[in-house]
Amino acid sequence: MTANPTLSRAAFPSLTEHLISPTWREPAIGIVHLGIGNFHRAHEAVYTEEAMRSAGGDWGICGVTLQGDVSKRDALMAQDGLYSVVERGPEGVRVTVVRALKEVLAMPHDRTRLFALLADRNVRIVSLTVTEKGYCRDPQTGDVDLNHEGVRQDLARPDEPSTVPGILCAALRLRRDAGTPPFTVLSCDNLSHNGAALKRVVCSFARALSTELGTWIETQVAFPSTMVDRIVPATTDSDRDAARNILGMDDAAPVPCEPFRQWVIEDHFPTGRPDWEQAGAQLVDDVMPFELAKLRMLNGTHSTLAYLSMLAGFETIDEAIAHPQLKALIRAMMTHEIAPTLDVPASFDLLAYRDALLARYANPALKHRTAQIAMDGSQKIPPRLLATIEARLNAGQSIERLALAVAAWFVFLRGHTDDGTRYAISDPLAARLTATLPDDPEQLVNTMLAIKEVFPPELACRQDFRRPLTNAAMLLQRGARQAIDTERH
Ligand code: CS2
């Protein structure tokens, strides 16, 4: 058997039908992206390539992995930055080769090259998907967390940073000192007001070094907010097989995703941007209504599905949503508890949005693992569920289903399914969260609500929050399946 050729730029002639843009002028690098995970490669990179196909521009991407993971860099660079996007829909699989990614760097190994690029005036955007924990925020103030180990190191050695605020600050300082216009910083993570949240973290980090630098970043650097959406699971062998079968070539780093994608961006890019509208992105003045709708309706129910499923033993989102009572619970949660908290433009039909989400969850080809979504609950619960809960409690409304979701997270942290199968807890606060987890529902709720990094004290002390949470924890004692089946839909 002869080995398959590997994906490379030299192989373009035999790939034509799978390229987004068969004719193409190689662009220079114009975007540095921090956090080169699957999501970016199936989302911003695809939008950017399509924008360049239609409107040109030097918006090639340099992707950076921040965890010192040279294997990802090496795998992608061995393929000249190429990789395939494996779109899995109910109708079948479609494979497309993306070439907007021109270079991949791994921190801290490639620091010199990274800072050369960040100082280069052709780099006009630095975008990020570093997940919630990459922001190093103090959850109570929104400023950078000065007790974060990495932040402390970066403040002590600001020229050799490893955290996101440290890297952005050092790069912006270089540009200011050289008289180079600052790049625009584009957060693409699922945080509410992601642009403003990032700006606050970076400015507070800068101020800890120099008030003047803090003020310069505050007044001179643009941090637009965005709402990003595409369901992108982790890569499995079946994606490598799909790429091989369809392309006739080996791809060590394909990305699976659903066919759906959406990107709403606040249009504030003083030094320019790709013509992303050409690829279907919506450039708007105010992203907030879209962002809150997506965080609360999609990510909020995703986390709910994840924790209930981990207890009940559903491995993937499509398997979970195929359970009629669980689907009814999620549907009712969106209709009666989440949608009424959202203030969206009249043209935004929240019930149609709900139905579209349920259809996306049911996609049988995606195999999106509930364990993947269940990670990092301490970071995800506040914007996805607590914000909705606060809005409802302030309006004197009930929170039964939302409370069940939060209680399911507490019970999930015990580290085993209802039938005793153990799993690992992956969360930056894992040690604290799992230190003592009482069996008694009331004590469990008391213990968890005392974790200030997750629960703001003014919410934690509310009886109208504690009561439904305790009831839900009691319900879950009889098993998640029973809780799902007895919930009022
Ligand atoms: C998911 C998201 O893993 C998770 O927490 O809820 O990654 C979700 O798939 C995306 O935000 C969809 O756009």
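In the predicted model, proline 274 is placed in the loop that runs between strands β10 (262-266) and β11. The relative accessible area of proline 274 is 1%, and the residue is therefore buried, since burial requires a value under 20%. Leaving aside residues up to four places away in sequence, proline 274 touches Ile31, Thr48, Ala51, Trp59 and Ile125. Glutamate 390 follows 116 residues apart along the chain, and the C-alpha atoms of proline 274 and glutamate 390 are separated by 38 Å.

A second buried position is found in strand β5, which spans residues 101-106 and contains glutamate 103. Glutamate 103 has a relative accessible area of 14% and so falls under the 20% limit for a buried residue. The side chain of glutamate 103 is in polar contact with the side chain of arginine 113, at 2.7 Å. Arg113 also appears among the residues touched by glutamate 103, together with Ile29, Ile61, Cys62, Gly63, Met77 and Leu117, when residues up to four places away in sequence are not counted.

The loop between β5 and α4 (111-119) includes proline 108. The peptide bond that leads from methionine 107 to proline 108 is cis, with omega near 5°. Aspartate 110 belongs to this loop as well, whereas arginine 73 lies in helix α3 (residues 70-77). Arginine 73 and aspartate 110 form a salt bridge, in which the closest N and O atoms are 2.9 Å apart. Because these two residues sit in the helix and in the loop respectively, the pair ties together parts that are 37 residues apart in sequence. Arginine 73 has a relative accessibility of 17% and counts as buried; aspartate 110, at 17%, likewise counts as buried.

Two residues other than glycine were noted for their backbone geometry. Threonine 131 has a positive phi, near 65°, and is located in the loop between β6 (125-128) and α5 (149-156). With a relative accessibility of 33%, threonine 131 counts as partly exposed, because the value lies between the limits of 20% and 50%. Lysine 367 also has a positive phi, near 50°, and belongs to the loop between α13 (350-361) and α14 (370-374). The relative accessible area of lysine 367 is 45%, which makes this residue partly exposed.

The structure holds 31 salt bridges in total. In general, side chains of opposite charge can pair when their charged atoms come close. One network of salt bridges links Arg9, Glu26 and Lys102. Another salt bridge joins the side chains of arginine 369 and glutamate 315, with an N to O distance of 3.6 Å. This pair connects distant parts of the chain, 54 residues apart: arginine 369 is in the loop between α13 and α14, and glutamate 315 is in the loop between α10 (288-312) and α11 (317-321). Arginine 369, at 42% relative accessibility, counts as partly exposed.

Arginine 360 takes part in a salt bridge with glutamate 258, at 2.5 Å from N to O. Glutamate 258 is in the loop between β9 (255-257) and β10, while arginine 360 is in helix α13, so the pair ties together parts that are 102 residues apart in sequence. Both partners are buried: the relative accessible area is 2% for glutamate 258 and 9% for arginine 360. The side chain of arginine 360 also meets that of aspartate 229 in a salt bridge, with an N to O distance of 2.9 Å.

The domain assignment divides the chain into domain 1 (9-284) and domain 2 (288-486). The centres of the two domains, taken over C-alpha atoms, are 29 Å apart. Contact between the domains involves 30 residues of domain 1 and 27 residues of domain 2. About 2200 Å² is buried between domain 1 and domain 2, and 60% of this area is on carbon and sulfur atoms. The two domains are joined by 3 salt bridges, and 8 residue pairs are in polar contact across the interface. On the side of domain 1 that touches domain 2, the elements giving two or more residues are β3 (83-89), β8 (226-229) and β11 (282-284). Strand β8 gives the most to this side, with 4 residues. By residue class, this side of domain 1 consists of 14 nonpolar, 10 polar and 6 charged residues.

Note on methods. Residues numbered from 1 in each chain as written. Predicted model: local features only at pLDDT ≥ 70, side-chain atom pairs only at ≥ 80, totals over all residues. Heavy atoms only, no water. Domains from an automatic or database assignment. Contact = heavy atoms within 4.5 Å. Buried area = accessible area lost by both parts, 1.4 Å probe. Salt bridge = Lys/Arg side-chain N within 4 Å of Asp/Glu carboxyl O. Polar contact = N/O pair within 3.5 Å; in protein donor to acceptor, adjacent residues only side chain to side chain. Nonpolar A, V, L, I, M, F, W, Y, C, P; charged D, E, K, R; others polar. Buried < 20%, exposed > 50% of the residue type's maximum accessible area, 1.4 Å probe, protein only.
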